[in-house]
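Colleague: I'm new to this structure and would like a close look at one part of it. Could you walk me through the sheet and what packs against it?

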Amino acid sequence: MRATLILENGAVFRGESIGDTADRVCEMVFNTSMTGYQEILTDPSYAGQGIVMTYPLIGNYGVNSEDDESVRPWAEAFIVRHLAQRGSNFRREDDLNDYLKQHHITGIQNVDTRALTRLLRTQGTMNGMITCAEHFSMDEALARIKAYRVRGTVERVTRSEPELFPAQGEERFRVALMDFGVKATLIRCQLERGCTVTTFPAHTSAETLLDGGFDGVMLSNGPGDPADNPEIIREVKKLYESEVPMFAVCLGHQLLALATGAETRKMRFGHRGGNHPVKDLAVGRVYITSQNHGYAVRAETVDPAVARVSHINVNDGGVEGLEYVRENCFTVQFHPEASPGPMDTEYLFDRFVSSMEKGGAR
């Protein structure tokens, strides 16, 4: 079946339908990863977005239940140059096309993803629509596309009730994790270090966490514009003003920056992929990181009396981490639980554990 991708600037890409055939309007972004498509699809940070994969062959090792980062995929649409019809891997449980259909993800293949990516890089992230209709009104399609906004995504992806994850082996610490769209591996990296993790819905009050006898608080990754969450930011500020050790990632990093007076900005096309070089300024070392974000903290708005920039992106100089003056509080923009290095930045979890050893909340 033929399919058409329409962008809000009027650009049209024609190809072949994959996955679901329902019309889908969303924000179109690109990811430069060569592998990990299942983890990408199930990353809650992609809620409200369609993903353009720059690597030309996707789906060649199939999918399996162990690689899900969430209970379901959150991406709205999937755009590839070529979709492998059958995966070949000893861990394979299903093929990617069947997986897309099962989870109602509309997709398109056989489009020029290089040209599409160049367009998104030069003109910036923009909305788009995938349709399988043979005849459609371009004017009506563009009206729908331009009216779309990514909103309310944290409420969509967060859990509705607290959930307890016991530590692997002997329990050393108890961590409260604010779930703004947390990935499963982010939790697992803490369980492996002897932390029992309790995940809380995004709008949980700071008092609930501070009265829970936890040794540390973690703020997770998540989707959307951080400034769209004023109620959450107020609670994050209360957590910051306490003495509890804190570690924040991605959206959590941005929310804490906003809570302490800094500002964020929307990036032209964001950082999404497993090959982003980040420099730790304290040691002068560069790490290859996994990233997925379209907003960033503005370095010039960070008050030096509150925090200093600890990590920068080697490509564009953007803020990738903050070290707070307040003891035992640090954040990073990238995803330290992912494995592009393959595990270069997991040292941050060890640092979080060390900060709890120095004195927690209970």
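Modeller: Happy to, and let's start with a helix. Helix α10, residues 347–357, lies across β11 (173–179), β12, β13, β14, β15 (264–280), β16, β17 (307–313), β18 and β19. Its direction runs at about 120 degrees to β11. Keep in mind that this is a predicted model.

Now for the sheet behind those strand names. It is an open sheet of 10 strands with mixed pairing, and the order goes β10-β12-β11-β13-β14-β19-β18-β17-β15-β16. At the edges you'll find β10 (163–165) and β16 (285–297), each pairing on one side only. Going from one strand to the next, the twist averages 25 degrees.

Have a look at the β10 edge. There, β10 is joined to β12 (residues 195–201) by 3 bridges, and the two strands run antiparallel. If you want a spot to zoom in on, Glu163 stands opposite Thr199 in β12.

Helix α8 (residues 230–241) packs on the sheet as well. The strands touched by α8 are β13 (216–219), β14 (246–249), β18 (319–324) and β19 (329–332). Compare directions and you get about 145 degrees between α8 and β13.

So, to picture it: put the strands down in their order, from β10 to β16, then add α10 lying across β11 and others, and α8 touching strands including β13 and β14.

Note on methods:
Residues are numbered from 1 along each chain as its sequence is written. This is a predicted model: local features need pLDDT of at least 70, side-chain atom pairs count only at pLDDT 80 or more; totals for chains, interfaces and linings use all residues. Side-chain values use heavy atoms; hydrogens and water are left out. Two strands pair if DSSP finds at least two bridges between them. Helices (H or I, at least four residues) and strands (E, at least two) are DSSP runs, numbered from the N terminus. Axes are lines fitted to C-alpha atoms, for helices over the stretch in contact, and angles run from 0 to 180 degrees between N-to-C directions. Contact means heavy atoms within 4.5 Å.
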